[in-house]
Amino acid sequence: MNNKKVWVFAGIIVMILSFNHVFGWSSYISNMDNLGFLKQAVEDNLPYAIAIYMLLTIAGCAFLALPGVTFAIFAGLLFGPVLGTVCCSAATTIGAVLAFSAGRFFLKDTVRPMVVKNKYLNKWLFDNSGKNQLFVLIITRLVPVFPYNLQNFAYGITDIKFSTYMIGSLVFMLPGTAMYTVGTAGLADKENRLLYMGIAAVLAIGVLGMGVFLKRRYIQEEQDGR
């Protein structure tokens with residue numbers, strides 16, 4: 001049964017990639033010119049525009065392997081800094097949760113036993129206390145070091161709680177999402193450009209600073225304690 005799940009998952013991925021190659025979904029969604037109708041929809045029917053944007057973002061994040069920054073940029077252009085950040089954060093979190101759930105259902109039983117054999121991965125992803133898992137989640141969400149989409153599936157094979165993953169992803173992706181969304185809104189808004197770009201710069205410094213702090217706080221302390 002476990003092996004069947006892996007094969008079903010692989011089949012779904014191959015099917016999505018094949019359809020994506022044939023129909024060019026990723027290229028279409030990632031090109032703002034093709035989504036020009038949303039700009040008009042924002043003026044005519046804002047709830048409709050938000051719904052379409054969120055559906056495209058969820059699909060792009062969960063199934064089409066598009067980087068989350070793409071949708072943060074779109075959100076800033078379409079909805080401005082505040083509403084754009086809210087919409088992008090909500091949609092990317094939902095996409096992350098869907099991918100996580102798929103990874104947990106299809107991959108955990110088969111992939112986990114192979115991963116735990118690696119001493120380093122076992123230490124950081126499967127510790128009994130859950131402290132290391134949360135630390136890795138925070139670091140990879142604040143300062144992504146692995147592809148966003150692969151992260152979502154990979155966390156599904158760990159023992160991290162669903163609620164911890166969902167809330168942690170929402171909270172710790174928010175600064176980076178806001179940074180890109182506000183920065184993009186600044187580029188598009190001449191009147192508030194300096195303000196928005198300043199806020200984006202502060203967010204960038206905060207994200208990098210938090211990453212350095214966590215690295216020193218956890219990794220350096222552990223190395224010193226050896």
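1. Two residues are taken to be in contact, or packed together, when heavy atoms lie within 4.5 Å. With that in hand, welcome to this structure, which is a predicted model. Let us begin with helix α4, whose buried residues pack against α3 (36–44), α5 (68–79), α6 (81–106) and α10 (148–155). The buried residues in question are Ala 49, Ile 50, Tyr 53, Met 54, Thr 57, Ile 58, Gly 60, Cys 61 and Ala 62.

2. You can also check the length of α4 for yourself. The helix covers residues 46–62, which makes 17 residues, and at 1.5 Å a residue it should span 24 Å. The C-alpha atoms at its ends are 24 Å apart, so expectation and model agree.

3. A word on the whole chain may help you find your way. Its secondary structure comes to 12 helices and zero strands. Of the 226 residues, 42% count as buried. Among contacts between residues at least 6 apart in sequence, 72% join residues at least 24 apart.

4. How confident is the predictor? The chain averages a pLDDT of 82, and 86% of the residues score at least 70. Confidence is highest in α6, at a mean of 93, and lowest in helix α8 (residues 119–125), at 65. Please keep the value for α8 in mind as you look at that helix.

5. Helix α3 is a good place to see two sides of a helix. Its buried residues are Leu 38, Ala 41 and Val 42. Viewed down the axis of α3, these buried residues fall within an arc of 105 degrees, so they line one face of the helix. The face turned away from that buried side carries Glu 43 and Asp 44, which are exposed. Among the elements that cover the buried residues of α3 are α4 and α5.

6. Now for the aromatic rings. A pair of aromatic rings is described by the distance of the centres and the angle of the planes. How many aromatic pairs does a search of the whole structure find? There are eight. One of them joins Phe 71 and Phe 74, with 6.5 Å from centre to centre and 85 degrees between the planes, an edge-to-face arrangement. Both sit in helix α5, and because they are three residues apart, about one helical turn separates them. Phe 71 has a relative accessibility of 1% and therefore counts as buried; Phe 74, at 6%, counts as buried too.

7. Another aromatic pair is made by Phe 100 and Phe 162; this one is tilted, with 6.0 Å between the centres and 55 degrees between the planes. The pair links distant parts of the chain, since Phe 100 belongs to helix α6 and Phe 162 to helix α11 (residues 162–188), 62 residues apart. Are these two rings buried or exposed? Phe 100 is buried, with a relative accessible area of 1%, whereas Phe 162 counts as partly exposed at 38%.

8. Ring pairs also build a cluster from Phe 9, Phe 105, Phe 106 and Phe 153. While you are looking there, find Lys 5: this residue lies over the face of Phe 105, at 4.3 Å from the ring centre.

9. Ser 89 is worth a stop in helix α6. A relative accessible area of 6% makes Ser 89 buried, because the cut-off is under 20%. Which residues does Ser 89 contact once its neighbours within four places in sequence are left aside? They are Leu 170, Leu 174 and Thr 177.

10. Leu 142 is part of helix α9 (residues 131–142) and, at 7% relative accessibility, counts as buried. Apart from its neighbours within four places in sequence, Leu 142 is in contact with Phe 172, Pro 175, Val 207, Met 210 and Leu 214. The C-alpha atoms of Leu 142 and Ser 169 are 9.2 Å apart in space, while the two residues are 27 residues apart in sequence.

11. Last comes Val 115, found in helix α7 (residues 108–115). Its relative accessibility is 14%, so Val 115 counts as buried. Val 115 and Thr 158 are 43 residues apart along the chain, and their C-alpha atoms are separated by 9.4 Å.

Notes. Residues are numbered from 1 along each chain as its sequence is written. This is a predicted model: local features need pLDDT of at least 70, side-chain atom pairs count only at pLDDT 80 or more; totals for chains, interfaces and linings use all residues. Side-chain values use heavy atoms; hydrogens and water are left out. Helices (H or I, at least four residues) and strands (E, at least two) are DSSP runs, numbered from the N terminus. The expected span of a helix is 1.5 Å times one less than its number of residues. Buried means under 20% relative accessible area, exposed over 50%, partly exposed in between (1.4 Å probe, protein chains only). pLDDT is the predictor's confidence in each residue, from 0 to 100. The arc is that of the directions from the helix axis to the C-beta atoms. Rings of Phe, Tyr and Trp (its six-membered ring) pair if their centres lie within 6.5 Å; planes under 30 degrees apart count as stacked, over 60 as edge-to-face and the rest as tilted. A charge sits over a ring if NZ of Lys or CZ of Arg is within 6 Å of the ring centre and within 35 degrees of the ring normal.
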